[in-house]
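Colleague: I am new to this one. Walk me through it, and show me how each label is earned.

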Amino acid sequence: METLSLLSMGFEQALTPEALLFCFIGVSLGTFIGVLPGIGSLTTIALCLPLTFHLEPLLGLIMLAGIFYGAQYGSSTASILLNVPGSAPAAITCLDGYPMSRQGRAGIALFITTIASFTGGSFAILLLIFFAPVLADFAISFSAADYFSIMVLALTAASTLSVGSPLKGLAMVSLGLLMGMVGTDINSGQFRYTFGIPALADGINLVALAMGLFGVAEILNNLTEGNVPQAGKEKITFRQMLPTPDDWKAFRFSCLRGSFIGSFIGMLPGTGPTIATFMAYAGEKKLSKNPEKFGHGAVEGISAPEAANNASVQAAFIPTLTLGVPGDAIMAVMLGGLLIHGITPGPQLVTTDAALFWGVVASFWIGNIILLILNLPMIGLWVKLLSIPYRFLFPAVLFLICIGVYSVNNNSTDVLLTLVFGIMGFYFNRHGFPSAPLLLGFVLGPLMEENFRRALVLSDSSLATFVDRPISAAFLAMTAVLLVFSFRRKATLTDDKAQPAP
Amino acid sequence: MLHAVPNGKSLTRFFRQFLRPSLIARLPVLLLILTGLIAGGIAFGYEVGSFTDMGPGFVPLMLSIALVLLAALILWREWPMIQARAGGEAAGHDFAWRPFCAVSGGILAWVLLAESTGFFIAAIAQVVLAALALPGPRWRSILIMAGILAVAGYFLFVVQLGVPLEAVG
């Protein structure tokens with residue numbers, strides 16, 4: 001019952017006119033950029049991060065989170081209508097969503113993905129409400145060694161479970177951790193890797209790094225590869241969206257299974273929504289009595305991945321808020337934002353900052369309901385967005401990146417660094433080195449160093465502390481299993497032209 | 001693995017052969033190895049200390065070593081493929097320089113102009129340069145877009161959020 005009273009307090013926080021406004025802005029912006037292929041939610045969240053410094057932390061977090069889950073709703077639109085995913089996790093929705101569209105069932109596909117997104121999101125929010133406080137209670141006993149080990153697990157999972165070579169992922173994590181060392185060492189006050197540049201004394205600017213690696217690199221990649229997203233001219237009316245009884249039948253259980261898989265994957269540290277959608281799709285295909293219809297417009301092929309996508313996005317808040325360990329690069333940026341606001345996510349957050357925690361949780365539901373309204377009766381409006389040509393979009397995004405990065409510290413060096421990181425991300429992505437593990441390593445680097453040093457101080461410099469403590473030992477064992485599993489699975493690493501990871 | 005390296009070459013020749021810019025452009029692992037070596041070298045300059053008394057250079061040194069080892073492992077595993085490809089592929093031959101230069105040039109223009117010539121000139125220069133990434137004569141639409149973005153951006157960031165930039169410097 002205590003949970004319910006805390007939740008009602010959360011709703012009081014989230015139902016203030018201001019909170020509603022920022023929730024609405026967040027989810028609308030999220031849907032907007034989700035619909036448009038070529039602009040990722042990470043870029044948008046990083047872009048809005050400096051804006052939240054002018055807001056209360058709760059309002060800022062409500063807005064940033066809204067962008068994240070709002071984008072998942074929007075991202076299926078382009079997958080279905082144009083066969084181009086609005087964001088990486090929606091790639092799988094192309095497989096059956098686009099054939100449905102070709103069969104004249106685009107409206108139904110859009111309806112199903114929206115309902116599946118809502119179901120998946122709601123399922124994971126329930127989990128968040130009842131499971132996060134339990135996890136936080138358990139995590140209160142975590143020591144520095146345990147934290148260090150869970151971060152090792154998160155980084156290993158993030159680099160080995162992504163698409164492409166696990167070794168390349170691990171190399172990028174190391175590079176990210178090393179980049180996290182730039183700045184002033186908190187123990188000794190020594191400047192590290194600052195090269196006399198004042199802008200680096202506080203470390204590399206997170207917004208500059210995220211914008212470069214994702215925003216600029218994405219634009220460079222689209223333009224140089226010539227895969228400029230094409231504008232579409234589809235029209236969808238509400239009448240076209242009503243599913244047939246057969247569609248409902250196929251939808252019901254696949255959506256629930258997707259929600260379950262997504263929630264589970266989302267909760268694990270180091271895994272993102274992309275892998276959740278892939279697993280949900282693979283699971284449906286395996287369970288299906290006629291797997292041959294997959295790829296030709298199977299309803300299960302869009303409902304399960306979309307439910308999993310949204311479930312994993314909402315569930316990803318569980319480890320980020322209760323342990324302070326983000327699941328993927330987007331959550332890492334969110335964590336970085338909270339740290340800048342002076343809020344340290346962790347087990348204490350649920351109790352000491354109860355208003356913030358429950359306010360955000362309540363806002364998720366409000367946001368999901370707003371999204372339902374935005375995406376069902378108003379779908380025609382979003383579909384129209386697809387007719388904006390990319391040649392107008394990318395200069396505008398670059399402009400927002402320049403002024404957005406500049407506004408963080410009012411500093412041109414940061415903008416220059418954004419360009420450098422952009423070229424770096426572009427160059428590495430071209431060769432199958434993913435950027436997401438780098439960003440995750442960058443955010444976790446300083447936290448890992450701090451916990452590593454503290455653990456060794458507390459144990460009289462005995463490395464055995466990492467395996468003596470059962471919790472830490474369990475995380476390290478899981479890391480080892482994961483490493484063995486991923487290298488056995490991908491024994492051949494000759495995939496230089498591997499698909500660029502998100 | 002060194003046996004995969006062409007026989008009879010000394011270490012210096014190995015490095016000279018491997019750290020050519022054209023090769024780095026194709027093999028990011030070489031850049032990672034180089035970064036790891038430099039970062040490790042710099043970390044030595046800070047106090048490294050030991051497990052019992054870690055200095056500021058300790059963790060960076062460990063990470064540099066990890067980076068070099070991982071990159072070397074990738075190089076070793078990819079080596080047969082790199083050899084198979086060698087000679088067949090002309091580096092940077094068909095790279096699309098136009099969008100690359102336009103996008104980079106736009107951002108550089110902002111960096112150089114924002115504080116000296118003010119917000120409007122920097123914003124318009126940035127948008128116009130970036131828009132040149134795609135071919136086609138459409139100066140009017142580019143200029144209209146640049147103008148709208150500059151005015152909207154000025155009101156949002158400079159007037160509303162107080163970013164300290166002059167309209168015209």
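Colleague: How many residues does each chain give to the contact?

Modeller: Chain B gives 51 residues, and chain A gives 49 residues. Bear in mind that this is a predicted model.

Colleague: Which helices of chain B supply at least two residues each to the side that touches chain A?

Modeller: Helices H3 (28–45), H4 (58–85), H5 (97–117), H6 (119–131) and H7 (139–160) of chain B do. H4(B) gives the most, with 13 residues.

Colleague: How do the residues on that side of chain B divide into nonpolar, polar and charged?

Modeller: There are 40 nonpolar, 8 polar and 3 charged residues on the side of chain B that touches chain A.

Colleague: Why are H19(A) and H5(B) called roughly antiparallel?

Modeller: Take the angle. The axes of helix H19 (residues 412–430) of chain A and H5(B) cross at roughly 170°. Angles over 145 degrees count as roughly antiparallel. Therefore H19(A) and H5(B) are roughly antiparallel to each other. Their axes come within 9 Å.

Colleague: Which residues make that contact?

Modeller: From H19(A), they are Ser412(A), Val415(A), Leu416(A) and Leu419(A). H5(B) brings Ser104(B), Ile107(B), Leu108(B), Trp110(B), Val111(B), Ala114(B) and Glu115(B). By class, the contact of H19(A) with H5(B) has 8 nonpolar, 2 polar and 1 charged residues.

Colleague: What is the average pLDDT of chain A?

Modeller: Chain A averages 87, and 96% of its residues score at least 70.

Colleague: Where in chain A does pLDDT stay under 50?

Modeller: Over residues 492–502 of chain A. For that stretch the model has 29 contacts beyond four places in sequence.

How values were computed. Residues numbered from 1 in each chain as written. Chains lettered and ligands numbered in written order. Predicted model: local features only at pLDDT ≥ 70, side-chain atom pairs only at ≥ 80, totals over all residues. Contact = placed C-beta atoms within 7 Å. Helix = DSSP H or I, 4+ residues; strand = E, 2+ residues; numbered from the N terminus. Nonpolar A, V, L, I, M, F, W, Y, C, P; charged D, E, K, R; others polar. pLDDT = per-residue confidence, 0-100. Axes fitted to C-alpha atoms, helices over the stretch in contact; angles between N-to-C directions. Parallel < 35°, antiparallel > 145°, perpendicular 65-115°, else oblique.
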